[in-house]
There are 2 protein chains.
Amino acid sequence: MRLVRSVADLRALLKPLWNEGKRIGFVPTMGYLHEGHAALVRQSASRCDVTVVSIFVNPTQFAPNEDFAKYPRDLERDQALCLEAGADVLFLPEVAEMYPTGFQTHVEPGRLAEPLCGAFRPGHFRGVATVVAKLLAMVQPDLAFFGQKDFQQTVVVRRMVRDLNLPVDVVVIPTIREEDGLAMSSRNSYLSDDERERARCLSQGLFAAEEAFRHGERDPEQITTLARQAMAGADRLQYLELVDAQTLEPIQGPLDRTAALCVAAYVGATRLIDNVVLAPTVGEAGLNVSLSPTHGD
Amino acid sequence: MRLVRSVADLRALLKPLWNEGKRIGFVPTMGYLHEGHAALVRQSASRCDVTVVSIFVNPTQFAPNEDFAKYPRDLERDQALCLEAGADVLFLPEVAEMYPTGFQTHVEPGRLAEPLCGAFRPGHFRGVATVVAKLLAMVQPDLAFFGQKDFQQTVVVRRMVRDLNLPVDVVVIPTIREEDGLAMSSRNSYLSDDERERARCLSQGLFAAEEAFRHGERDPEQITTLARQAMAGADRLQYLELVDAQTLEPIQGPLDRTAALCVAAYVGATRLIDNVVLAPTVGEAGLNVSLSPTHGD
């Protein structure tokens, strides 16, 4: 596995691979990798000739009051995980090269960036869209892999890829969870033992809603209430919303299309997010959202 | 020369060329082509294996009160000009494919889009940056050619290419002029005989300023005043500004770096723009802006 720190070195390394028509997979991360990231890397390694992982804690997707400075970092462990999962290139760009003096062009997502996390993290998805666009232009992958845990991010990135005609397929991989259901996240490392114990209520709430849905519950109010009741262990729910999986608009009336139940909550000082996708069977709903890869066009 | 109307057909046509490592040149236009465009196409044809010209009157770079609906169109003549100038592919995308339902992601340029035309054409450079980013992603050229007549556009596009790490070299070609000095523009076709006669005062003003500069004038006020006096034939100057050629900020104090004297003016109902670049010799100024190609990184 090659470590690369500059864009020029990355391009030099990838150029012969582009020219040979190698299938390149890309997994953009902020590091402090866990089994969720490993699943993305493994998926890429199994489907592509070359897998590039980037680690870049992107300052522009953190609001001023957020945890950029204390975001956990452990390059040595990350390297081992990437190697084990099958990465070929580990790209570690510097902030100064990503955002040089005079930098001023941004990719601005539209209304998909407004609800849910977008309502509470001003500028977050602009930062995400911009850095992902930059990384995609650097790596020029055939496939790019994202985790479903960051559901709104996957929707925003897919939309960006389609709107800007980026020549890449976006692949979304299901959330990987701890044994008790907690969604894997680098931020789980912030949790005290007590908080860690209480944090499982989020996935439990989502699973309760999912279970009710599987048994035929279609009332958004009922589904959301079930989840909320199970989430009492969190210190504060920032949002808990059942939204259309494509438009991210709140589901009004009976659930008749693919939806995502999305939560953001504080457990102690740590903000956690999670979601489940609730998809009526094809026979039941006219419309069904595929979570499988869609091409850039 | 091949005519292509869909992104899928364009990609299918270009794919073998990408794979063979052919050098691709790209000239994005809004059609109603003139000798200025021909110069771009010829330059591309001379430097690249394959030249792609796009014609797309981009609605998002026109403000609601502007001339989108009446923007001149003449595909037959455009085809002949492209063929004669050496284009290999003429790409004619449809508005519905460029901006399908749900389209919402934009490339937002920063402060370089604020002065000059940006101050009078709200959203214009956002529209330009977005459509150029889309077209570059579709064509994936090695070189992209722009005319210096749209000076601020070249600065905004260069900045976008650098900021988003787009793998393309931006090449800016000097403005092509009518015999009497008027900068070639598709919008010149709007001018009545009388207006056409008066329109030449814009380039005459710029040339007068350039002449004074060549003879040692370095006072921005003097340079601008000279130009303004010669431009009395226009019905209204929207702006006439001497700006730093890199930052587009007004030149304060003696002209000691490369600057652009930029004008936008109405002649009758027609809005025309033009500019000259005033570059102190290398010995004279510490800093010198190159108008030659710069790589995306």
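How much area do chain B and chain A bury between them, and what percentage of it is on carbon and sulfur atoms? Chain B and chain A bury about 2,600 Å² between them, with 47% of it on carbon and sulfur atoms. Keep in mind throughout that this is a predicted model.

**Stop 1: the interface of the chains**

Select the residues of chain B that touch chain A. There are 30 of them, in contact with 30 residues of chain A. Now look for charged pairs and polar pairs across this interface. Between chain B and chain A the count of salt bridges is zero. Polar contacts are found, however: 20 residue pairs, with both partners at pLDDT 80 or more.

Next, colour the side of chain B that touches chain A by element. Helix H1 (7-19), strand E5 (106-108), helix H6 (124-139) and helix H7 (151-163) of chain B each give two or more residues to this side. H6(B) gives the most, with five residues. Recolouring by class shows 13 nonpolar, 10 polar and seven charged residues on the side of chain B that touches chain A.

**Stop 2: the paired strands**

Select residues 106-108 in chain A, which form strand E5, together with E5(B). The two strands run antiparallel and are joined by three bridges. Which residue of E5(B) stands opposite Val107(A)? Val107(B) does.

**Stop 3: the two domains of chain A**

Hide chain B and select 2-173 of chain A as domain 1, then 186-278 as domain 2. Taken over C-alpha atoms, the centres of domain 1 and domain 2 of chain A are 26 Å apart.

Now select where these domains touch. In chain A, 21 residues of domain 1 are in contact with 18 residues of domain 2. The two domains of chain A bury about 1,800 Å² between them, and 59% of that is on carbon and sulfur atoms. Show Leu116(A), Phe120(A) and Phe151(A) as sticks: in domain 1 of chain A, these lose the most area to domain 2, together 32% of what that side buries.

How many salt bridges are counted between domain 1 and domain 2 of chain A? The count is one. To see a salt bridge in chain A, select Asp67(A) and Arg187(A), whose side chains meet at 2.8 Å, N to O. The interface of domain 1 and domain 2 of chain A also has seven residue pairs in polar contact, both residues at pLDDT 80 or more.

Stay on the side of domain 1 of chain A that touches domain 2 and pick out its helices. Helix H5 (117-120) and helix H7 (151-163) of chain A each supply at least two residues. The largest share, three residues, comes from H7(A). By class, this side of domain 1 of chain A has 11 nonpolar, five polar and five charged residues.

**Stop 4: a salt bridge between helices**

Over all chains, the structure holds 32 salt bridges. For one of them, select Glu84(A) and Arg42(A), whose side chains meet at 3.2 Å, N to O. Glu84(A) belongs to helix H3 (residues 75-85) of chain A and Arg42(A) to helix H2 (residues 35-47) of chain A, so this pair ties together parts that are 42 residues apart in sequence.

Terms used:
Residues are numbered from 1 along each chain as its sequence is written. Chains are lettered from A and ligands numbered from 1 in the order in which they are written. This is a predicted model: local features need pLDDT of at least 70, side-chain atom pairs count only at pLDDT 80 or more; totals for chains, interfaces and linings use all residues. Side-chain values use heavy atoms; hydrogens and water are left out. Contact means heavy atoms within 4.5 Å. Buried area is the accessible area (1.4 Å probe) that two parts lose on being put together, summed over both. A salt bridge is a side-chain nitrogen of Lys or Arg within 4 Å of a carboxyl oxygen of Asp or Glu. A polar contact is a pair of N or O atoms within 3.5 Å; within protein, one must be able to donate a hydrogen and the other to accept it, and residues adjacent in sequence count only if both atoms are side-chain atoms. Helices (H or I, at least four residues) and strands (E, at least two) are DSSP runs, numbered from the N terminus. Ala, Val, Leu, Ile, Met, Phe, Trp, Tyr, Cys and Pro count as nonpolar, Asp, Glu, Lys and Arg as charged, and the others, Gly among them, as polar. Two strands pair if DSSP finds at least two bridges between them. Domain bounds come from an automatic or database domain assignment.
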